[in-house]
Amino acid sequence: MLAVEGIEAGYGRTRILHGLSIDVPKGGLIALLGGNGTGKSTCLKVIAGLLTPGAGRVTLDGEDITTLPAEDRPGRGLCLVPQGKEVFGAMSVEENLMMGGFHRRRDKADLAEDLEGVYTRFPRLKERRRVSAGMLSGGERQMLSIGRALMSRPRMLLLDEPSAALAPKVVEEIAEAILGLRELGLSLLLVEQNVGMALEIADHLHVIRGGRIAFSRVVDGGVAPDELRSFYLSGGHDDES
Ligand SMILES: Nc1ncnc2c1ncn2[C@@H]1O[C@H](COP(=O)(O)OP(=O)(O)OP(=O)(O)O)[C@@H](O)[C@H]1O
Ligand SMILES: [Mg+2]
């Protein structure tokens with residue numbers, strides 16, 4: 001559904017991605033792992049259209065969207081839940097959610113239906129619908145961030161470290177919510193540093209290093225964690241030479 005091929009990208013003269021390629025099949029849940037500063041968010045920014053790659057291609061359903069403006073991508077069903085659980089702190093939970101449906105300018109009944117859908121998925125957001133988003137806990141903010149993306153009716157969701165800085169019990173809730181999205185038929189690209197969570201829910205995982213995918217495995221009854229650990233933590237082997 002989403003194909004990223006040979007992406008070269010960076011900031012100014014600093015190149016971060018060196019020929020990165022990654023595919024997300026329809027209905028797939030693909031995890032992208034890697035240490036701090038390895039270029040995971042940079043990759044999602046390229047896919048979301050927030051950063052123009054110097055080379056390479058991004059296609060969605062076979063259509064080249066490499067240069068499609070970022071603001072036109074949610075309308076094509078591609079939506080990013082950015083890192084850092086950013087919400088509009090001074091606005092209420094419900095106002096934040098309505099912002100997510102804004103670009104579609106659908107009729108009110110449609111929006112109300114989508115809002116109810118988000119509240120069914122995240123009952124805590126319904127309880128706190130009138131509260132300022134700035135008052136939410138980290139877990140609730142992450143739910144709001146995901147809920148806001150759902151308001152644009154995405155088919156392909158990019159999630160940037162949704163588990164970061166959350167207590168284990170809350171990570172579990174977020175993981176379950178992500179699995180729920182997949183059951184809904186969404187395709188997901190999940191950036192994570194929480195290897196355990198990625199192993200639990202993803203069906204394929206990739207590790208980014210040196211600006212490209214250096215390790216890929218199907219998660220089939222769990223990747224041998226030792227193999228992954230040796231690669232991910234202590235350097236392992238990669239195919240960069
Ligand atoms: N706007 C920017 N301008 C300049 N350099 C940037 C910018 N954003 C990121 N970088 C640099 O690009 C590199 C990759 O950053 P990126 O945010 O993609 O990493 P990451 O893998 O998402 O890390 P983390 O897990 O910490 O979020 C880092 O060295 C970072 O300092
Ligand atoms: Mg990042």
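A salt bridge is a side-chain nitrogen of Lys or Arg within 4 Å of a carboxyl oxygen of Asp or Glu. The structure described here is a predicted model, in which local features need pLDDT of at least 70, side-chain atom pairs count only at pLDDT 80 or more, and totals for chains, interfaces and linings use all residues. Residues are numbered from 1 along each chain as its sequence is written, and side-chain values use heavy atoms, with hydrogens and water left out.

A search of the whole structure finds 15 salt bridges, among them the three pairs listed below.

| Acidic residue | Basic residue | N to O distance |
|---|---|---|
| Asp-61 | Arg-155 | 2.8 Å |
| Glu-94 | Arg-129 | 3.0 Å |
| Asp-203 | Arg-182 | 1.9 Å |

Asp-61 forms its salt bridge with Arg-155, and this pair links distant parts of the chain, 94 residues apart, with Asp-61 in the loop between strands S4 (55-60) and S5 (63-64) and Arg-155 in the loop between helix H5 (138-150) and strand S7 (156-160). Helices (H or I, at least four residues) and strands (E, at least two) are DSSP runs, numbered from the N terminus.

Accessibility is classed as buried under 20% relative accessible area, exposed over 50% and partly exposed in between, with a 1.4 Å probe and protein chains only. Asp-61 is partly exposed at 47%, and Arg-155 is partly exposed at 36%.

In the pair of Arg-129 and Glu-94, Arg-129 lies in the loop between helices H4 (123-127) and H5 while Glu-94 belongs to helix H2 (residues 93-101), so the salt bridge ties together parts that are 35 residues apart in sequence. Glu-94 is buried at 14% relative accessibility, whereas Arg-129 is partly exposed at 22%.

Methods:
Chains are lettered from A and ligands numbered from 1 in the order in which they are written.
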